[in-house]
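Let's work through some exercises together. Keep the sequence and the 3D view open beside you, and try each task before reading its solution.

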Amino acid sequence: MKVSFPYMGCVTGYKKVFETLGHEVVMPQKPTQKTIDLGVKYSPEFICFPFKVIMGTYIEAVQAGANVIVASGGNGPCRAGLYGEIHQKILKSMGHDVKFIVFDSMFRDFGLFYDNLKKIKNKIPIIKVLKNLWLSYQIICRMDEIEKEIKVLRAYEQKRGDFNRVWLEIQRMYDGCWTQKDIDKVTEQARKMLQEVPLKKVEEEEKIRIGIVGEIYVIMESSTNMDIEQTLNSMGIEVESVQYISDWVKHNIQPNFIGGSKSHQVIHKAKRFVKMNLGGHDMENIGWMVDFKERGFDAVVHLMPFGCLPELITQSAIPTISQELDLPILSLSLDEQNGTANNRTRIEAFVDLVRNKKRGGSVQKKEVKEPEYTDKVPEELAG
Ligand code: SF4
């Protein structure tokens with residue numbers, strides 16, 4: 001099988017899964033404006049933005065030779081559950097006969113999950129498949145841990161670009177891991193590399209931390225979110241986002257009766273503001289906002305793709321949450337026509353507000369003088 005998959009953040013782990021199962025991997029390309037334009041051209045006009053970007057990615061992958069697409073499905077009243085089927089229909093209408101294998105949480109339908117596993121296992125004994133999956137999962141977990149650290153440390157790098165260069169090298173090193181021993185060695189080396197990057201000295205009380213919540217695809221794929229994490233880091237802000245592949249896997253394989261993942265736990269914190277989950281990660285995101293406040297974060301940025309119903313629900317609750325928690329929250333709507341300059345200005349203004357609040361200044365609204373209304377006709381208009 002010539003396998004491809006959606007491009008979503010760091011894809012080293014997915015690549016490793018299929019390589020260890022002996023498949024030829026057609027690496028999807030990081031989405032560019034060309035990918036987005038291609039996706040927009042062949043997608044329904046009012047479907048959510050991630051669908052269009054992934055559509056473009058699939059078209060490029062199929063044109064590069066992929067004949068099987070492996071993706072994850074979603075559940076609840078959200079379009080993610082239909083992505084695979086609609087993407088496949090569109091590709092078929094374009095003349096591409098591509099097979100889709102869509103994985104969903106094994107707790108929803110273990111039979112379907114196991115059937116899908118059999119389709120990709122490539123005649124390898126199931127024990128070996130599980131061993132390979134575990135190895136890939138270990139790589140993903142270690143890489144996510146390192147990436148989380150980078151999103152904090154990069155705020156203080158002395159020379160712009162140092163951490164990006166180190167991160168590229170670390171990704172290359174993990175790509176060459178085939179055993180647990182390799183992973184441990186690379187992790188140790190990676191940590192040393194992070195420690196060697198020179199940092200600016202910043203007083204603890206001057207540090208600002210912003211949490212990033214929102215729809216999973218636009219959080220994880222920087223090409224759809226104007227590289228928000230890097231933008232904030234370049235302004236000297238520490239960033240923590242709530243979506244990583246390792247966390248998504250934990251969320252879907254770790255049963256609730258043994259504690260569940262952190263994303264399961266934060267859902268309870270949202271109950272003060274919403275009563276039920278309406279699809280996607282809306283309730284979880286509200287829970288994360290409460291969690292960020294409890295952990296002393298200074299603000300939250302909420303990323304919402306155009307056409308996303310669950311995140312529209314989150315957005316509508318933001319004014320109440322922000323006021324009740326005394327937490328600045330900026331909601332950014334992302335689509336294929338988003339001008340970066342407009343959003344960059346909003347982010348800069350938001351960061352100024354957060355800094356001012358941190359330094360004890362009030363969050364002042366500019367006073368606007370109300371016009372005086374009068375029945376008197378101005379002289380210049382009077383006939
Ligand atoms: S969460 Fe929103 S953007 Fe993501 S698939 Fe569902 S509707 Fe679309």
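Domain bounds here come from an automatic or database domain assignment. The structure is a predicted model, in which local features need pLDDT of at least 70, side-chain atom pairs count only at pLDDT 80 or more, and totals for chains, interfaces and linings use all residues. Residues are numbered from 1 along each chain as its sequence is written.

**Exercise 1. Domains**

Task: Find which domains the assignment gives, and how far apart the C-alpha centres of domain 2 and domain 3 lie.

Solution:
- Start with the bounds: the assignment gives domain 1 (2–124), domain 2 (141–201) and domain 3 (203–363).
- Next, take the C-alpha centres of domain 2 and domain 3, which lie 24 Å apart.
- Then look at where these two touch: 7 residues from domain 2 and 11 residues from domain 3 take part in the contact. Two residues are in contact if their C-beta atoms, placed from the backbone, lie within 7 Å.
- Finally, sort by class. Ala, Val, Leu, Ile, Met, Phe, Trp, Tyr, Cys and Pro count as nonpolar, Asp, Glu, Lys and Arg as charged, and the others, Gly among them, as polar. The side of domain 2 that touches domain 3 has 3 nonpolar, no polar and 4 charged residues.

**Exercise 2. The shell around the ligand**

Task: Work out how many residues surround the ligand, and which are the closest.

Solution:
- Count first: 14 residues surround the ligand, and C48, C78, A80, G280 and C308 are the closest. A residue is near a molecule or strand if its C-beta atom, placed from the backbone, lies within 6 Å of it.
- Sort them by class: the shell has 9 nonpolar, 2 polar and 3 charged residues.
- Trace where they come from: domain 1 (2–124) and domain 3 (203–363) each supply at least three residues to the shell.
- Look for the main helix: α14 (residues 309–325) gives the most to the shell, with 3 residues. Helices (H or I, at least four residues) and strands (E, at least two) are DSSP runs, numbered from the N terminus.

**Exercise 3. Two sides of helix α15**

Task: Compare the span of α15 with the expected one, then find which of its residues are buried and which are exposed.

Solution:
- The expected span of a helix is 1.5 Å times one less than its number of residues. For the 19 residues of α15 (residues 340–358) that should be 27 Å, and the end C-alpha atoms are 26 Å apart, which agrees.
- A residue is buried if 20 or more other C-beta atoms lie within 10 Å of its own, exposed if 12 or fewer, and partly exposed in between, with C-beta atoms placed from the backbone. In α15, the buried residues are I347, V351 and V354.
- Looking down the axis of α15, its buried residues fall within an arc of 65° (the arc of the directions from the helix axis to the C-beta atoms), so they line one face of the helix.
- Turned away from that buried side are the exposed residues A341, N342, T345, E348, A349 and D352.
- The cover over the buried residues of α15 includes β5 (208–214), α10, β6 (237–241) and β7.
- Just after α15 comes G360, with a positive phi of about 95°.

**Exercise 4. Life on β7**

Task: Is L303 buried or exposed, and which residues does L303 touch?

Solution:
- Locate L303 in strand β7 (residues 299–305).
- Count its neighbours: 26 other C-beta atoms lie within 10 Å, so L303 is buried.
- List contacts, leaving out residues up to four places away in sequence: L303 touches I212, G214, E215, V218, I219, N225, I228, L332 and L334.

**Exercise 5. Unusual phi angles**

Task: Find where N122 and M226 are located, and how each is classed by its C-beta neighbours.

Solution:
- Recall the general rule: most residues other than glycine have a negative phi.
- N122 is not a glycine, yet has a positive phi of about 60°. N122 sits in the loop between α5 (110–120) and α6, and counts as partly exposed because 14 C-beta neighbours are inside 10 Å.
- M226, also not a glycine, has a positive phi of about 55°. M226 belongs to the loop between α9 (216–220) and α10 (228–234), and its 21 C-beta neighbours inside 10 Å make M226 buried.
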